[in-house]
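Trainee: I am new to this structure and would like a close look at a single part. Could you walk me through one helix and then its surroundings?

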Amino acid sequence: MKVLVIGTGGREHALALALSLDPAVTEVHAAPGNPGIAEVATLHDVDPMSGASVADLAVALVVDLVVVGPEAPLVAGVADAVRERGVAVFGPSRAAAQLEGSKAFSKEVMAAAGVPTAGSRTCTTTAEVEAALDAFGAPYVVKDDALAAGKGVVVTRDRDEAIAHAVACGRVVIEEFLDGPEVSVFAICDGTTAYALQPAQDFKRIYDGGRGPNTGGMGSYTPLTWAQPDLAEVTLEQVVRPTLAEMADRGTPFVGCLYVGLALTEAGPRVIEFNVRFGDPDIQPVLAVLESPLGVLLAAAAEGRLVDVPAPVFGDGAAVTVVLASAGYPESSSKGDVIRGVGAANGVHDVDVVHAGTALSGDSLVTAGGRVVAVRARGYDVDDARSRAYAAADLITFDGLQRRTDIAAEPLGVVEGASVR
Ligand SMILES: Nc1ncnc2c1ncn2[C@@H]1O[C@H](COP(=O)(O)OP(=O)(O)OP(=O)(O)O)[C@@H](O)[C@H]1O
Ligand SMILES: [Mg+2]
């Protein structure tokens with residue numbers, strides 16, 4: 001099987017690595033990719049946002065499967081363009097990607113499907129905003145309806161700040177505050193059937209102890225030994241299957257990864273958000289412990305025959321990912337700083353250096369984004385994986401390097417607490 005991965009970040013590198021380990025996968029291609037992905041795939045300089053260009057490439061390469069990594073191309077309809085040319089795609093249509101593209105749409109689907117989530121109101125006027133804020137009370141949760149690259153949500157006790165964010169966004173979803181640790185459950189969906197992957201946790205704040213601004217994610221781990229053992233099954237039953245049924249009823253079946261962000265509240269799991277792709281870095285440790293062939297699984301989902309392949313199996317061990325970010329992140333990022341030690345870290349047994357924002361400048365690997373690389377290690381348990389990840393991360397240096405020291409040291413609910421500024 002030949003597979004083409006669309007995207008350029010750590011998620012796509014982790015996917016390309018896992019695909020390259022599947023004996024059924026004979027070739028991995030990526031567009032546009034990055035220097036890490038180039039070690040396991042052939043890169044093609046194609047715009048990931050252009051459905052026509054991606055579809056042309058897929059047809060020219062005669063690939064059996066296209067995996068679209070990021071949300072922006074999915075919301076723009078890139079999967080539709082590929083599917084129209086008769087190539088199997090893992091990733092939802094433009095219509096189904098609205099589960100991430102519009103928070104109001106996702107809340108409407110959740111309500112229709114009876115999925116447990118925060119109570120909410122969609123508001124467009126200041127009067128509606130004020131009424132909703134007062135109805136739910138503090139802490140206030142205000143979400144931009146549209147895709148905002150992780151910057152659309154404000155959680156605050158300051159009513160004026162909540163109103164200002166709502167006004168700046170235009171159309172917002174205002175919702176009830178959910179109290180409890182956050183977890184990520186990824187469901188592989190073929191439109192009607194779904195398999196859940198092993199749950200993971202993602203550390204979002206830039207500084208230790210859950211301080212500082214939100215980021216795309218500073219580290220992650222799996223398994224969640226402290227969580228209820230049936231969390232994945234409960235999520236399938238209460239969230240994923242009803243959502244798939246509702247989307248199919250609407251004539252827009254969901255094919256791809258449904259990322260269920262959950263708050264584990266005292267009343268039970270509640271959906272914080274849906275995304276329509278794998279989360280990064282939370283998918284990284286999950287793929288490290290996945291024992292089933294990833295290409296076989298994603299191809300079966302893309303072709304609507306998930307029932308024909310066995311449910312994914314995970315190893316007994318654990319995996320931890322520690323992100324190394326560049327100076328200024330998350331407000332800005334620094335480019336062109338020489339990165340040293342990636343080869344040494346990669347050479348450590350059970351460690352992978354996953355590239356997120358790197359580039360080649362001559363023969364040197366240099367920084368090219370906020371999150372630069374992630375060091376992922378497997379271990380016997382979370383503590384073992386954690387010490388291996390940090391030991392390997394110590395081998396990597398670049399100017400202005402930022403990393404947290406407490407990834408997977410404690411469950412996120414303990415370290416970060418309620419996410420109110
Ligand atoms: N109802 C809620 N109660 C408490 N905290 C919330 C709530 N909704 C969101 N949050 C906090 O805000 C963060 C961002 O919210 P959400 O995941 O909906 O936004 P997003 O911008 O789509 O995120 P992502 O970039 O992960 O897709 C959550 O991870 C959570 O910490
Ligand atoms: Mg989201």
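Mentor: Happily; we start with helix α13 and then turn to some loops and the domains. This is a predicted model, in which local features need pLDDT of at least 70 and side-chain atom pairs count only at pLDDT 80 or more, while totals for chains, interfaces and linings use all residues. Residues are numbered from 1 along each chain as its sequence is written, and chains are lettered from A and ligands numbered from 1 in the order in which they are written.

Helix α13 covers residues 382-393. Helices (H or I, at least four residues) and strands (E, at least two) are DSSP runs, numbered from the N terminus. The expected span of a helix is 1.5 Å times one less than its number of residues, so the 12 residues of α13 should span 16 Å, and the end C-alpha atoms are indeed 16 Å apart.

Which residues of α13 are buried? They are Val382, Ala385, Arg386, Arg388, Ala389, Ala392 and Ala393. Seen down the axis of α13, these buried residues fall within an arc of 165°, so they line one face of the helix. The arc is that of the directions from the helix axis to the C-beta atoms. An α-helix has 3.6 residues a turn, so residues three or four places apart point the same way. Here, a residue is buried if 20 or more other C-beta atoms lie within 10 Å of its own, exposed if 12 or fewer, and partly exposed in between, with C-beta atoms placed from the backbone.

What do the buried residues of α13 pack against? Their partners are the strands β13 (211-222), β16 (318-325), β18 (351-355) and β21 (371-379), together with helix α12 (342-346). Two residues are in contact if their C-beta atoms, placed from the backbone, lie within 7 Å.

Now for the loops. Ala408 sits between α13 and α14 (412-416), and its phi is near 65°, a positive value in a residue other than glycine. Ala408 is buried, because 27 other C-beta atoms lie within 10 Å. Most residues other than glycine have a negative phi, and most peptide bonds are trans. A cis peptide bond joins Tyr329 and Pro330, with omega about 10°; Pro330 is in the loop between β16 and β17 (335-338).

Finally, the domain assignment, whose bounds come from an automatic or database source, gives domain 1 (2-90), domain 2 (121-175), domain 3 (180-308) and domain 4 (318-414).
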